[in-house]
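Trainee: I am new to this structure and would like to look closely at one part of it before I go any further. Please take me slowly through how its helices are packed, and then through a few single residues.

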Amino acid sequence: MSTLITVAYGDGIGPEIMEAVLSILREAEAEISIDIIEIGERVYSKEWSHGISPSGWESIERTKILLKSPTTTPQGKGHKSLNVALRKNLGLYANIRPCISYHPVIENKFDKFDIVVIRENEEDVYTGIEHRLTGDSYQCTKIITRSGSEKICRYAFEYAKKHNRKKVTCLTKDNIMKMTDGTFHAAFDRIAKEYPDIKAEHYIVDIGMARVATEPENFDVIVTENLYGDILSDIVAQTSGSVGLAGSSNIGNEYAMFEAVHGSAPDIAGKNIANPSGLLNAAVHMLIYIGQVGTAKLIYDAWLKTLEDGIHTADLYKEKRSKQKVGTKEFAEAVIDNLGKKPAELIIGSGSDSKINLDSKINLDSKINKVQDNYEQDYKVKKLVGSDITLAWDKSSNVDQIVGLFESSNLQMIAIYSKGLAIWPGNSKPSSDQITCRFIANNEKQAITNSDVNNLLIKLEEHNFDVVRMDKLYLYDGKEGFFV
């Protein structure tokens with residue numbers, strides 16, 4: 001029975017690599033039918049701010065599956081990233097990027113490695129929440145939830161279990177971001193205890209990425225937050241020989257999107273030189289996801305055989321190793337000619353046959369719902385104890401002018417920070433044109449109300465202070481829900 005999928009040709013090199021991939025799928029007799037939608041630059045120009053029209057959304061809602069070429073987001077015009085919009089609106093919480101060494105056919109500095117990067121896909125700074133606070137200061141809000149962290153970590157361990165992987169590595173920066181990254185790390189540790197047969201390890205992200213870049217053979221499955229995962233997956237893909245080889249799956253409870261890792265490369269668009277391999281590998285992921293494993297295997301073997309035969313596009317071509325430099329169409333034709341053939345050298349994984357361990361259809365519905373319900377009841381007592389109020393500030397002014405204004409209120413100012421550095425009490429000068437004043441309850445036993453915080457804002461306004469941000473400070477069962 002044919003499976004209906006939504007296909008988007010995208011921008012730049014997108015149309016030509018999509019046509020190449022679809023030609024291979026047709027010749028391999030993949031049991032799919034396609035519904036084509038327009039996305040990207042031309043749709044942005046029609047004033048759809050996310051680069052996709054209502055009819056495009058309707059198609060994806062109908063098919064539940066999107067095979068997508070790269071798109072270009074116009075810069076400086078208030079347009080939002082289409083990829084981010086798709087991931088959020090479709091609930092695609094897991095991004096899976098397998099990165100495999102194709103040594104010795106594709107040159108790299110290492111021999112064999114086989115890494116799967118599992119990246120949280122909906123949270124972190126990719127929520128896109130940014131503000132300009134003052135003339136000199138901007139902020140980007142990082143959102144990490146306990147439920148989202150636990151969901152992606154559980155997905156990583158379930159993936160490892162399903163594919164007989166031996167280790168899951170977590171990367172965070174919780175030595176600095178103790179609450180956000182600390183939450184992700186804590187979720188990883190909690191979930192790891194449920195999988196005693198899988199080794200779990202954690203690295204601070206900077207040394208972790210350095211080790212992945214220099215000793216990739218020591219890693220198996222890596223789970224991390226959105227931004228770190230985006231950076232890491234490109235590093236690992238490039239380490240394998242070319243970022244142009246990597247495909248990507250974006251998986252949710254109901255929808256799935258498959259795409260190449262690379263961008264739209266408008267500088268080489270229309271020249272028949274782009275490598276369609278990344279999108280082809282994404283299509284292989286898709287075929288496995290919809291249950292057409294045999295066809296996926298047929299295409300994957302033909303693709304490996306083509307690489308092994310030395311038939312390479314310009315990005316992979318090396319005079320000493322390659323035999324023929326070909327264009328996008330010619331590469332697709334070579335893969336088609338190799339359908340039914342198997343590689344001799346590129347045996348990916350163990351055994352006598354090339355292995356595809358890309359199946360990412362893992363159902364966590366019942367466990368995830370239970371986790372989210374638990375977190376809604378995570379604490380018994382939430383108590384308002386203060387407020388951080390950020391002011392636009394003239395760096396030449398003296399912070400003493402604000403000290404002492406609130407001695408009679410239920411809240412007392414205990415510190416003033418500039419970019420996280422305490423400048424009062426003390427004699428330090430602000431290092432930017434904003435300062436943050438921390439107010440805490442005078443009496444721990446006295447209840448602080450929203451009115452007390454509002455009175456602070458009113459008093460600051462009366463004295464002509466420019467409030468640009470306010471954050472309430474809470475205790476959760478007596479534990480501080482704030483830092484700095």
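Mentor: In this predicted model, the axes of helix 1 (residues 14-27) and helix 9 (residues 277-289) come within 9 Å of each other and cross at roughly 45°. Helices here are DSSP runs of H or I with at least four residues, strands are runs of E with at least two, and both are numbered from the N terminus. An axis is a line fitted to C-alpha atoms, for helices over the stretch in contact, and the angles run from 0 to 180 degrees between N-to-C directions. Helix 1 and helix 9 are therefore oblique to each other, given that angles under 35 degrees count as roughly parallel, over 145 as roughly antiparallel, 65 to 115 as roughly perpendicular, and the rest as oblique. The crossing of these two helices is right-handed, a term for the near helix being turned clockwise from the far one by less than a right angle, with anticlockwise giving a left-handed crossing.

On the side of helix 1, the residues that meet the partner are Ile17, Met18, Val21, Ile24 and Leu25, and from helix 9 come Leu279, Leu280, Ala283 and Leu287, where contact means heavy atoms within 4.5 Å. By class, this contact of helix 1 with helix 9 holds 9 nonpolar residues, no polar and no charged ones. Ala, Val, Leu, Ile, Met, Phe, Trp, Tyr, Cys and Pro count as nonpolar, Asp, Glu, Lys and Arg as charged, and the others, Gly among them, as polar.

Helix 1 and helix 9 also appear around helix 11 (residues 328-337), as what covers the buried residues of helix 11 includes helix 1, helix 9, helix 10 (293-308) and strand 13 (311-312). Those buried residues of helix 11 are Thr328, Phe331, Ala332, Ala334 and Val335, with buried meaning under 20% relative accessible area, exposed over 50%, and partly exposed in between, for a 1.4 Å probe and protein chains only. Seen down the axis of helix 11, its buried residues fall within an arc of 155°, so they line one face of the helix; the arc is that of the directions from the helix axis to the C-beta atoms. The face of helix 11 turned away from this buried side carries the exposed residues Lys329 and Asp337.

Helix 10, one of the elements covering helix 11, contains Lys305. With a relative accessible area of 18%, Lys305 is buried. Not counting residues up to four places away in sequence, Lys305 touches Asn338, Lys341, Lys342 and Pro343.

A similar reading can be made elsewhere in the chain. In helix 3 (residues 54-63), the buried residues are Gly56, Trp57, Ser59, Ile60 and Thr63. Viewed down the axis of helix 3, they fall within an arc of 160°, so they line one face of the helix. Their cover includes strand 1 (3-8), strand 2 (32-37), strand 3 (65-68) and helix 4, and helix 3 is followed by Lys64, whose phi is positive, near 75°. Helix 4 (residues 82-89) has 6 of its 8 residues buried, so it is largely enclosed by the rest of the structure. Those residues of helix 4 are Leu82, Asn83, Val84, Ala85, Leu86 and Arg87, and after helix 4 comes Gly91, with a positive phi near 65°.

Another helix pair gives a second crossing to set beside the opening one. The axes of helix 7 (residues 205-214) and helix 8 (residues 226-239) come within 10 Å and cross at roughly 15°, and helix 7 and helix 8 are therefore roughly parallel to each other. Their crossing is right-handed. Helix 7 contributes Val205, Met209, Val212 and Ala213 to the contact, and helix 8 contributes Tyr228, Ile231, Leu232, Ile235 and Val236. The contact of helix 7 with helix 8 has 9 nonpolar residues, no polar and no charged ones.

Finally, Asp174 lies in the loop between strand 8 (167-172) and helix 6 (180-192), and at 18% relative accessibility it counts as buried.

As for how to read all this, residues are numbered from 1 along each chain as its sequence is written, and side-chain values use heavy atoms, with hydrogens and water left out. Because the model is predicted, local features need pLDDT of at least 70 and side-chain atom pairs count only at pLDDT 80 or more, whereas totals for chains, interfaces and linings use all residues.
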